[in-house]
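Trainee: I should like a close look at a single part of this structure, the open sheet. Please describe its strands and the helices on it.

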Amino acid sequence: MTLRTPRDTDISELAAIVGGEFALTDEGIENYCRDESPDLEAQPSVVLIPADEREISEILRYADDRLLPVVTRGLGTGVAGGAVPFDGAIVLSLERLNRILEIDEDNLMVVTQPAVITGELRRAVEAVGLFYPPDPASLDSCSIGGNFATNAGGMTAVKYGVTRDYVKGFRGVLAGGGIISYGGKLVKNVAGYDLLQIVCGSEGTLAVATELTLKLLPHKRHRVDLLVGFDSVFKSVSAVSEIIRRRIVPSTIEFMEGDIVRIVADALEKSVPMPEAGAQLIISLEADSEEELEKTYFSLGEIAMELGAIDVFVADTTQTRERIWVVRRSMREALRAVSPTIVAEDIAVPRARLAELWKGARELGERFGVRVLSFGHAGDGNLHIDVLKDDLSDDRWNTAMEGFIPALFELAVKLGGTITAEHGIGVLKKPYLPICFGETELSLMAGIKRVFDPNGILNPGKAI
Ligand SMILES: Cc1cc2nc3c(=O)[nH]c(=O)nc-3n(C[C@H](O)[C@H](O)[C@H](O)COP(=O)(O)OP(=O)(O)OC[C@H]3O[C@@H](n4cnc5c(N)ncnc54)[C@H](O)[C@@H]3O)c2cc1C
């Protein structure tokens, strides 16, 4: 089907559904042209900000009848271009669906609208002693609906898993305006195909999620964070698999290459622990009692020293914790300050192959003449591999990237990994999907898209 850009008459009809003040065509529209992906921007024909599921259904019925493209938007923190409205698409911003509907302490579930900020949801359930684990680094600016649509991961995925592991029910709207509802406050459910898990991670291409039911856990009361320095990257990533092999499963194992730690320290103009280290790991441990916590962190400290750690810095107060986490949180910004143009890749491999991934990425950097630095969720086998343009000319940079990116993705797949661990395909990785999948898998995915959205109006050109 060939989609078309909305005309003035379409915009008036659509504006009537949401009410004039919630249909933007001019002032304020600039806030909806991009997400957090570098260098991607497009002007929507109109931004619609519906109040509820009924209005969303009417908008999608109208758009489907007239073959108008629609891009659903959470809070625009995506880094794969998923929320960018190419070709004058309608932006469907869910920002007004921003209420937590119920915290069910009997069933340990929370029912929420999609535009609730993830960090706010976590704090709301924590206030009653409960815990929602998925914690993307963007948690204070992204939405829970966006997390569902991208199957977001986070710092605690090593122990607790990703968004997919917590969504038990959802309601949504399909392209023709129909309502889809699947699951609920259920721990077990094997009735039919799992429509929820098909929509989760589909990046707004199959349905618009309007309500989510999420599983909660009891809140662990005791926690300590350790910063462990190593003289080499190789030793630090080898330690990640060894810690898990010895049956200690921390809630977080974050990896920071020493060169990046030093860049951040300079940018923040702050002294950081172990600045000379070749690499550092931030390891978080939690327990129900102080004794259990102490026992685990002593064993972990011993293992770390046995594996060649330079030192272990223990952070058990708000101030000491802040001292180590500020470095991890400031990485993106600090790297952009030294090189405004960066390509940030998001590769996952089996944990035991992390060292090969790091080394292979470095070698590709040398081969194509670009600086490569890595950090990320090492406990999940997930490295954020950042390629810095520095002062290369545009021509040299573009040529280098044409070679580097496919070579990196081929390396990931050769190591048994994937080209995106948590950021999604969006538009940026779409050309590389055939590196990951064969014809059979790609045609099944295309078939699923046709069943959900026969006219292809939902987030066209994205994800598959
Ligand atoms: C500094 C920074 C750190 C980050 N750290 C992490 C991290 O640790 N882990 C991680 O996984 N990601 C991370 N991200 C990426 C991003 O925050 C996540 O992908 C997040 O889930 C996007 O949520 P959002 O509300 O901003 O969605 P948007 O950017 O608005 O949308 C993302 C995609 O989801 C679709 N979508 C949004 N809401 C819905 C809905 N209700 N129904 C259907 N489709 C919808 C959109 O169409 C789009 O394709 C980070 C981003 C930044 C900028």
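Mentor: The account below takes the sheet and then the helices that pack on it. This is a predicted model, in which local features need pLDDT of at least 70, side-chain atom pairs count only at pLDDT 80 or more, and totals for chains, interfaces and linings use all residues. Residues are numbered from 1 along each chain as its sequence is written.

The open sheet has seven strands in the order β15-β12-β14-β13-β17-β18-β16, with antiparallel pairing. Helices (H or I, at least four residues) and strands (E, at least two) are DSSP runs numbered from the N terminus, and two strands pair if DSSP finds at least two bridges between them. At the edges are β15 (309-315) and β16 (342-348), each of which pairs on one side only. From one strand to the next, the twist averages 20 degrees; axes are lines fitted to C-alpha atoms, for helices over the stretch in contact, and angles run from 0 to 180 degrees between N-to-C directions.

The edge strand β16 is joined by seven bridges to β18 (residues 382-388), and the two run antiparallel. Within this pair, Val-343 stands opposite Val-387 in β18.

Helix α12 (residues 354-368) packs on the sheet and touches β16, β17 (371-376) and β18; contact requires C-beta atoms, placed from the backbone, within 7 Å. The direction of α12 makes about 155 degrees with that of β17. Helix α7 (residues 233-245) also packs on the sheet, touching β12 (222-230), β13 (252-257) and β14 (279-287). The direction of α7 makes about 20 degrees with that of β14.

Leaving aside neighbours within four places in sequence, Ile-260 is in contact with Met-331, Leu-335, Leu-373 and Phe-375.

Technical notes: Contact = placed C-beta atoms within 7 Å.
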